[in-house]
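Ready for a little practice? Take a look at the model below, then work through the exercises.

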Amino acid sequence: MFQNHIKCKMAFDQEAEIVTKSGTIKPVHITASVTYVGERTIIQGIFRDITARKKAEAHIASIKKDWDSTFEEIDEAVIISDTEFNIVRANKAAEQLFGMPVQSILKSKCYQLFYKKDDPCPASWCIVQQCTRIRQAVSREHYESSLNKFLEVKVIPCFDHNKNVIRVVHVLRDITERKRAEEWLKDNEIKYRTLVENVPGMIYRGRPDWSAEIISGSKAVCGYTPEEINAMEDNWLSIIHPADRQAIYVQGAALLKHHASIIQAYRIIHKAGDIRWVEDHKTSLFSEKGDFIGIDGMVLDITERKRAEETLHL
């Protein structure tokens, strides 16, 4: 081991393994130097047991291997950049999201990759600079025209031992389907609201306990706003003429057994105090398990029709 060092009169500094008296193999770090006493060549050195260090290095290597594997298997695109916007790492999901190999991603600045810009984004808008400035994670949703996708971007700061931000982690999630679903729901909500507002009657959703949530149109029928009726103790039942309530319960019982639709005509007491006739069109609702969950209904004011019918009978 020492022949070349003796020949070249070089100091010796390297790691090796030795076999101890008990027969176990132990890693050591050897530092030695060559000296001469008369014509004698003497090697003097120190053997340091580095078993603990080797175990620590092996542990760190194992952790790094696990981290590398986890990093690559993360479903969301993950990109790491330094404070100068240089991308220093990217995972497979980022490769798939941007449709380019990791090697090409690593040659880019984050603003070049994300926004196809040649210059950094303005400080007031740059999410990396904002994250670095406030030293906290920052999230943003935006539409990326170059990818034709909506992205949710979260930027997380990483600190050194002096608590200085040295790099940031970008986590990018494709939320295109969610955004399209939200837009679809918004469009349909507008259509539904327009439809409901133009229905010439009161729309409500009845509950299994016979209370009701008034959705719209109640003021034209009974003089009360939906909020006023919903705040009443017995809700819509409060303004039904007492003489008609029992018949409504009996007729409505059929709706509790199976899916059905009925039309009930009865009297209500208007907010102004007069009695009005209404026609209640209701359909029962059941869960997938077959449990009764309520009623969808529409109430129309038929007072004028009733008066006309009474006139004809005179």
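**Exercise 1: a side chain and its partners**

The side chain of Asn91 comes within 3.0 Å of the backbone nitrogen of Ala94. Before we go on, this is a predicted model, with residues numbered from 1 along each chain as its sequence is written. Local features need pLDDT of at least 70, side-chain atom pairs count only at pLDDT 80 or more, totals for chains, interfaces and linings use all residues, and side-chain values use heavy atoms, leaving out hydrogens and water.

Task: work out where Asn91 sits, whether Asn91 is buried or exposed, and what Asn91 touches.

Step 1. Find the spot: Asn91 is in the loop between strand E5 (87-90) and helix H3 (92-98). Helices (H or I, at least four residues) and strands (E, at least two) are DSSP runs, numbered from the N terminus.

Step 2. Check accessibility: Asn91 has 0% relative accessibility, so it counts as buried (under 20% relative accessible area; exposed is over 50%, partly exposed in between, with a 1.4 Å probe and protein chains only).

Step 3. Look for neighbours further along the chain: leaving out residues up to four places away in sequence, Asn91 touches Phe71, Glu72, Ile74, Glu76, Ala77, Val78 and Val102 (contact means heavy atoms within 4.5 Å). As for Phe71, its backbone oxygen is 3.2 Å from a polar atom of the Asn91 side chain.

**Exercise 2: cysteines**

Task: how many disulfides does the structure hold?

Step 1. Count them: zero (a disulfide is a pair of cysteine sulfur atoms within 2.5 Å).

Step 2. Try Cys126: the closest cysteine sulfur, in Cys121, is 5.4 Å from its own, so that's too far for a bond.

Step 3. Try Cys158: its nearest cysteine sulfur belongs to Cys131, 8.4 Å away, and Cys158 is in no disulfide.

Technical notes. Polar contact = N/O pair within 3.5 Å; in protein donor to acceptor, adjacent residues only side chain to side chain.
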